[in-house]
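User: Could you take a close look at one part of this model for me? I would like to know where it sits and what surrounds it.

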Amino acid sequence: MEQVGAIAVKESKLHGKGIFANKDFFENQTIMIIKGEVIDANECIRREEQENNVYIFYMNDDCFLDTAQTQTIKYINHSCTPNAYVDDNDESSLLLKAQHSIQIGEEITINYDYPEIFELCQNLNPDCNCPFIQKNP
Ligand SMILES: [Zn+2]
């Protein structure tokens, strides 16, 4: 499948930059292949903590995919009502797929699904549907 041109990186109303559909996608269609550097769990923790790397995708309990050097997928934003999801592909890549049909021009989002992002989303998004995170007193 030709991937070039299927998505565009633009300013987002959600946060910073986001990725946007450059064409229509149907439910479960592959939007793009997510490539990056495969790293283990210890290196994932080290990069997140020491380098503030927020561009690492979960593959399995031992393998993570660092997309910091990419020009597109690293800009995908979190949403509690996402229109895309991440699926397995092979040992060195993942697939970004459409959760339901997506129209050209729509921002493409996924649910990051970890507590820190839920808390951030609650603070930024008045319509947030993330699981409620109890704040420390
Ligand atoms: Zn939310």
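The residue I have in mind is Gln-99: which loop is Gln-99 found in, and which residues does Gln-99 touch?

Analyst: Happy to help! Gln-99 belongs to the loop between strand 9 (93-98) and strand 10 (107-110). Please keep in mind that this is a predicted model.

Let's turn to the surroundings. Leaving aside residues up to four places away in sequence, Gln-99 touches Pro-82, Asn-83, Ala-84 and Tyr-85. For Pro-82 there is also a distance to quote: its C-alpha atom and that of Gln-99 are separated by 7.5 Å, with the two residues 17 apart along the chain. As for burial, Gln-99 counts as partly exposed because it has 17 C-beta neighbours inside 10 Å, whereas a buried residue would need 20 or more.

Now for the chain around this loop. It contains 2 helices and 10 strands, and from the N terminus on the elements run β-β-β-β-α-β-β-β-β-β-β-α. The radius of gyration is 15 Å, close to the 14 Å that the globule rule gives for 137 residues, so the chain is as compact as a globular protein of that length. Along the principal axes, the C-alpha atoms fill a box of roughly 45 × 35 × 25 Å.

Two percentages round off the picture. Among the 137 residues of the chain, 26% count as buried. Of the contacts with a separation of 6 or more, 60% come from residues 24 or more positions apart.

Definitions and conventions: Residues numbered from 1 in each chain as written. Predicted model: local features only at pLDDT ≥ 70, side-chain atom pairs only at ≥ 80, totals over all residues. Helix = DSSP H or I, 4+ residues; strand = E, 2+ residues; numbered from the N terminus. Rg over C-alpha atoms; globule rule 2.2 N^0.38 Å. Buried ≥ 20, exposed ≤ 12 C-beta atoms within 10 Å, placed from the backbone. Contact = placed C-beta atoms within 7 Å.
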